[in-house]
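Here is a short set of exercises on empty space, helix packing and a charged pair. Have your viewer open and try each task before reading its solution.

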Amino acid sequence: MTRTLGAKILAVALGVSLVAACTSTSNDDPEEPTGPVELTFWSWAPNIEKLVDRWNTDNPETKVTLSKQAGGADIVTKLLTAAKAGNPPDLAQVEYQALPTLVSNDVLADIAEQAKPLKEKFSDGTWRQVTLGTDAVYAVPQDAAPMMLYYRADLFTQYGLTVPGTWEEFAQTARTLRGKTKKHFLTTFSANDPGWFAGLAQQAGANWWGIDGEFWKVTVNDAGTRKVADYWGGLVGEGVVDGKPMYTPEWNKALNDGSLLAWPSAVWAPGVLVGNAPATKGKWAMAPLPQWTAGENRTGNWGGSSTGVTAASKHKAAAVRFATWLNTDAAATTMLVRECAVYPAARDAQSGPALASPPDFFANQADFYPLAKQIADTAAGVTWGPNVNVTYETYQDAFGKAITGRTPFGAAVDAMQTATVDDMRKNGFTIAG
Amino acid sequence: MPTATPGVRRRGRRTGIPYVFLAPAVILFLAFFLAPIGYAGYLSLRKVRISGLGLGRGSRTEVFAGLENYRNAVTDSELWSGALRVLGYGALLVPTMLGLALLFALLLDRPRAQLARFSRTAIFLPYAVPAVIASLLWGFLYLPATSPLNDLLVRFGLPEPDLLGTDAVFYAVVNIALWGGVGFNMIVLYTALRAIPPELYESARLDGCSEIQVALRIKIPLLAPALVMTTLFTMIATLQVFSEPMTLAPMTNSISSTWTPLMKIYRDAFATDDRYAAAATSVLVAAITLVLSLGFLRLVQKRAFGQEH
């Protein structure tokens, strides 16, 4: 009795594995099959399922299945693990600075063949982030995050401050404010947010990594970065800029009660302010980031993400088609803006109908998005390296230590450079110099 | 001869059935305990080797590293300063925690103790709050801008302390652990106290002992085994301190990503993607924990369990 049952189970199991074997052979076919394909997609953008549904309705032959993920660094760890286990999704949303890490772990595919023509749809700065300055293309840009200055217009008037056009004026404004009140700071320097510092450094011309033939160039402590670090170190040391981290209960309170008057942030800031400082609606205004030299027009990016296709995907061509539609199609980008609160990287979409009126939180600033587009065009491009995570971790520890220990910020930048280079050497990357 | 037959039968039965019953435990033990430990040990001897830019397919390979990861861990000053911090943390936490737990247990065990049931629950309750939640709660109380304490001090024109500042943060973390752990240890000690036969107290009182003498000369010596156990648990928990500083870290500049050895392991594994270094450090920390625990047991065994030998 038991034996026959066992035999039956064995037979069924064999049958199943045979069927599985058949499917997998057809999937392995390098000539992408023309029949219906199924793609899996990892993303953390809110409401992205609405775009996936729309695609699935219009493209029944290429069915995309969405799996919602945690954002930022978590998805990178998960992708690395999934790729190692042999079952990554076909597509994934990835922050720009994580691209080299994923490429170097063989998680993402080079999609240059199909995606190269997309170049003209994006600003040069954005495009450079997905090519690493090489001939390859590792992802389709989704959102851009140019940095700008947000400030409390009401409090600026109250304290008789003018919007600073240069960093020199910004420092003066910080001093003037402290001269008038001890309850407020113009802004805070956060040792918790390396992406924020990276954006500020990009504006000053920093370029932490570069590819020179077969060599990596690593210059985390280059002149631009040093200039930015020394500048902020001076202001924090002088006591005219706060040194407390951002994204803490304390910071939320400071935004709400006006203890902080300004926030150098990115185009997505209105979304954060709505959640963290709802009481200040309508009191903020946005201006370009202060410049290092008067008359210049430059900024950096704080964050932003792209859609990558995995190296293990069996339907790369179909996956690139979806990624292209998602991030460049007019209807899709309109939905990205309206449903997912994404600031699109595609230049046409930045002046699209969905961005005709300002965000609710900035209802008083009618030119919010036209100004944002102007600023976005001036964002410096950078090449990210294969161990941004190490550099970022070191930023948090080294700047935290510099602020609590009241030591110069320049040493923190040097610590970032040393940690980055040491880690790359340890793993065997070839580094120039 | 007649006695042999049942023996054989019994042995025949013994070959199969016990293993079937043991199987779930053994399989679970192998799959979820030994196998991961073995894999961690294996990973700790490996490392990544990248050729060139590391961008092309197959440019990243995993190779045998020998003891390199261990050498790096042992010579890492960050790890040792973290370990030193944890030692200091333990030196402060363990005596305070057990002292308070013992005090509360003895007070509750007093004859005619008032509000005993309520106090017991109130002291125990924080143990039911997960460490992450507790740290968030305390974080709000510590942060100058959100702390009601600072609010009061400012009202009276007194200087505001920054409880998450460089030096204070150490005590801030100890305080959270204390708040969460005293109740549990108190319950263990209190239960052990209730198990002591009351006749002992009675005869002591007849001999003229005061309540304090009963506590010092009868209760505490008889509590020794329970004290040893709670000390051991607290020590192990100390070496594994993680959730509290990890949760507080984003709120302050004072806690680095390598503040304790476990935080460093977490950073290596999940933030800087070096699971090999993380594995080596894990093995090291596990070995040190084992040695310290066994050493402590050996040290106190004779004294605490002396009567059993």
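The exercises below concern a predicted model, and each comes with a worked solution.

**Exercise 1. Find the cavities of 30 Å³ or more and describe the lining of the largest cavity.**

Solution.
- Step 1: start with the count. The structure holds 2 cavities that reach 30 Å³ or more.
- Step 2: take the volume. The largest cavity has about 220 Å³.
- Step 3: go to its centre. Its lining has 19 residues, and those closest to the centre are D423(A), N427(A), R60(B), T272(B) and D273(B).
- Step 4: assign the lining to elements. In chain A, α17 (388-405) and α18 (409-427) each supply at least two lining residues, and in chain B so do β1 (46-50) and α2 (68-74). With 3 residues, α18(A) gives the most.
- Step 5: sort by class. The lining has 7 charged, 7 polar and 5 nonpolar residues.

**Exercise 2. Repeat the analysis for the second largest cavity.**

Solution.
- Step 1: the volume of the second largest cavity is about 60 Å³.
- Step 2: list the lining. It consists of A198(A), A201(A), Q202(A), A206(A), N207(A), W208(A), W209(A), V382(A), T383(A) and W384(A).
- Step 3: find the main contributor. Helix α9 (residues 194-203) of chain A provides the largest share, 3 residues.
- Step 4: sort by class. There are 7 nonpolar and 3 polar residues in this lining, and no charged ones.

**Exercise 3. Which residues lie closest to the centre of the second largest pocket, and how does its lining divide by class?**

Solution.
- Step 1: about 1400 Å³ of space lies in the second largest pocket.
- Step 2: of its 49 lining residues, F185(A), D242(A), K244(A), E250(A) and P144(B) are the closest to the centre.
- Step 3: two or more lining residues come from each of α10, α11 (249-257) and α17 of chain A and α6 (148-155) of chain B. The largest share belongs to α11(A), with 5 residues.
- Step 4: the lining divides into 18 nonpolar, 18 polar and 13 charged residues.

**Exercise 4. Describe how α9(B) packs with α8(B) and with α3(B).**

Solution.
- Step 1: choose the descriptors. Two packed helices are described by the angle between their axes and the distance between those axes.
- Step 2: apply them to α8 (residues 198-206) and α9 (residues 211-239) of chain B. The angle is about 140° and the axes are 10 Å apart, with a right-handed crossing.
- Step 3: list this contact. α8(B) uses L200(B), Y201(B), A204(B) and R205(B), while α9(B) uses E211(B), V214(B), I218(B), K219(B) and L222(B). By class, the contact has 6 nonpolar and 3 charged residues, and no polar ones.
- Step 4: turn to α3 (residues 77-109) of chain B. It packs with α9(B) at about 145°, the axes being 10 Å apart, and here too the crossing is right-handed.
- Step 5: inspect this contact. Among the residues involved are Y89(B), L93(B) and M97(B) of α3(B), and K219(B), L223(B) and L227(B) of α9(B). The contact of α3(B) with α9(B) has 14 nonpolar, 5 polar and 2 charged residues.

**Exercise 5. Where in the chain do the two partners of the salt bridge between D414(A) and R226(A) lie?**

Solution.
- Step 1: set the scene. Over all chains, a search finds 21 salt bridges.
- Step 2: check the distance. The closest N and O atoms of D414(A) and R226(A) are 2.3 Å apart.
- Step 3: place the partners. D414(A) belongs to helix α18 of chain A and R226(A) to helix α10 (residues 223-238) of chain A, so far along the sequence that 188 residues separate them.

Conventions:
Residues are numbered from 1 along each chain as its sequence is written. Chains are lettered from A and ligands numbered from 1 in the order in which they are written. This is a predicted model: local features need pLDDT of at least 70, side-chain atom pairs count only at pLDDT 80 or more; totals for chains, interfaces and linings use all residues. Side-chain values use heavy atoms; hydrogens and water are left out. On a 1 Å grid over the protein atoms alone, a cavity is a set of points where a 1.4 Å probe fits but cannot get out, and a pocket is an open set with protein on both sides within 12 Å along at least five of seven lines; lining residues have an atom within 4 Å of a point. Grid points are joined across faces, edges and corners, and a volume is the space filled by probe spheres set on the points. Helices (H or I, at least four residues) and strands (E, at least two) are DSSP runs, numbered from the N terminus. Ala, Val, Leu, Ile, Met, Phe, Trp, Tyr, Cys and Pro count as nonpolar, Asp, Glu, Lys and Arg as charged, and the others, Gly among them, as polar. Axes are lines fitted to C-alpha atoms, for helices over the stretch in contact, and angles run from 0 to 180 degrees between N-to-C directions. A crossing is left-handed if the near helix is turned anticlockwise from the far one by less than a right angle, and right-handed if clockwise. Contact means heavy atoms within 4.5 Å. A salt bridge is a side-chain nitrogen of Lys or Arg within 4 Å of a carboxyl oxygen of Asp or Glu.
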